[in-house]
Amino acid sequence: MRFIVAVTAGTDDPTRATLGMIAAKVAKDQGHDVTVWLQGEAANIANRNVYDKIVGHNMPAMKDIVEDLVDAGVPLWVCEACGRGRDVSPDNFLATAEYAGMGHYVQAVAEFDRSMSF
C-alpha cells in the first residue's frame with residue numbers, strides 16, 4: 001500500500017513528532033511505500049542540524065528513526081512555506097528531503113491508499 005504520513009509537530013511537541021515518524025517507519029518496515037509530509041514545526045525534522053535534537057518523552061530517539069527512513073529512501077516532503085519560514089532549505093536538508101506544496105500533499109491524500117496525521 002501507499003501511505004502519506006503528515007506530521008505537524010516538531011520542536012514544539014517532540015513526543016507527537018516522534019509518534020508520527022514512528023508510524024512512518026513502521027509502515028515502511030511492513031513493506032509499504034511511504035512518503036512523509038512535514039508541515040508547520042515538523043519542517044525542522046528535515047533539517048540535518050535539528051532533527052537529532054528532537055527528543056520525545058519516553059520515546060525512541062528521533063535521530064535513529066529519521067536516519068532509518070532516510071536510509072530506506074523515504075521521501076520527506078517539506079511544506080515550502082513552512083520550511084522557508086524556519087530556515088529549513090536545501091542547504092540543510094536531509095538526503096531525501098525536498099520542498100513540496102500543499103497541492104502535492106492534497107494530491108497524495110487523494111491518490112495514495114492511506115493517510116495518517118500526527
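Biologist: How much accessible surface does the protein have, and what share of it belongs to carbon and sulfur atoms?

Modeller: Happy to help, and do keep in mind that this is a predicted model. The accessible surface adds up to about 5,700 Å². Carbon and sulfur atoms account for a share of 49%.

Biologist: Thanks! Why does the radius of gyration agree with a compact globule?

Modeller: The protein has 118 residues, so a compact globule would be expected to have a radius of gyration near 13 Å. The C-alpha atoms fill a box of roughly 30 × 30 × 25 Å along the principal axes. The expectation agrees with the protein's own radius of gyration, which is 13 Å.

Biologist: What pattern do the helices and strands follow along the sequence?

Modeller: There are 4 helices and 5 strands to place. Read along the sequence, they give β-α-β-α-β-α-β-α-β.

Biologist: What distance separates the end C-alpha atoms of helix α1?

Modeller: Helix α1 covers residues 14-29, which makes 16 residues. At 1.5 Å a residue, the helix should therefore span 22 Å. The model agrees, with its end C-alpha atoms apart by 22 Å.

Biologist: Which strands and which helix are included in what covers the buried residues of α1?

Modeller: The buried residues of α1 are A17, T18, G20, M21, A23, A24 and A27. An α-helix has 3.6 residues a turn, so residues three or four places apart point the same way. The cover over the buried residues of α1 includes β1 (2-7), β2 (33-38), β3 (76-79) and β5 (114-117), along with the helix α2 (62-71).

Conventions:
Residues are numbered from 1 along each chain as its sequence is written. This is a predicted model: local features need pLDDT of at least 70, side-chain atom pairs count only at pLDDT 80 or more; totals for chains, interfaces and linings use all residues. Side-chain values use heavy atoms; hydrogens and water are left out. Helices (H or I, at least four residues) and strands (E, at least two) are DSSP runs, numbered from the N terminus. The radius of gyration is taken over C-alpha atoms; the globule rule is 2.2 Å times the number of residues to the power 0.38. Accessible areas come from the Shrake-Rupley method with a 1.4 Å probe; for residues, only the protein chains shown count as cover. The expected span of a helix is 1.5 Å times one less than its number of residues. Buried means under 20% relative accessible area, exposed over 50%, partly exposed in between (1.4 Å probe, protein chains only). Contact means heavy atoms within 4.5 Å.
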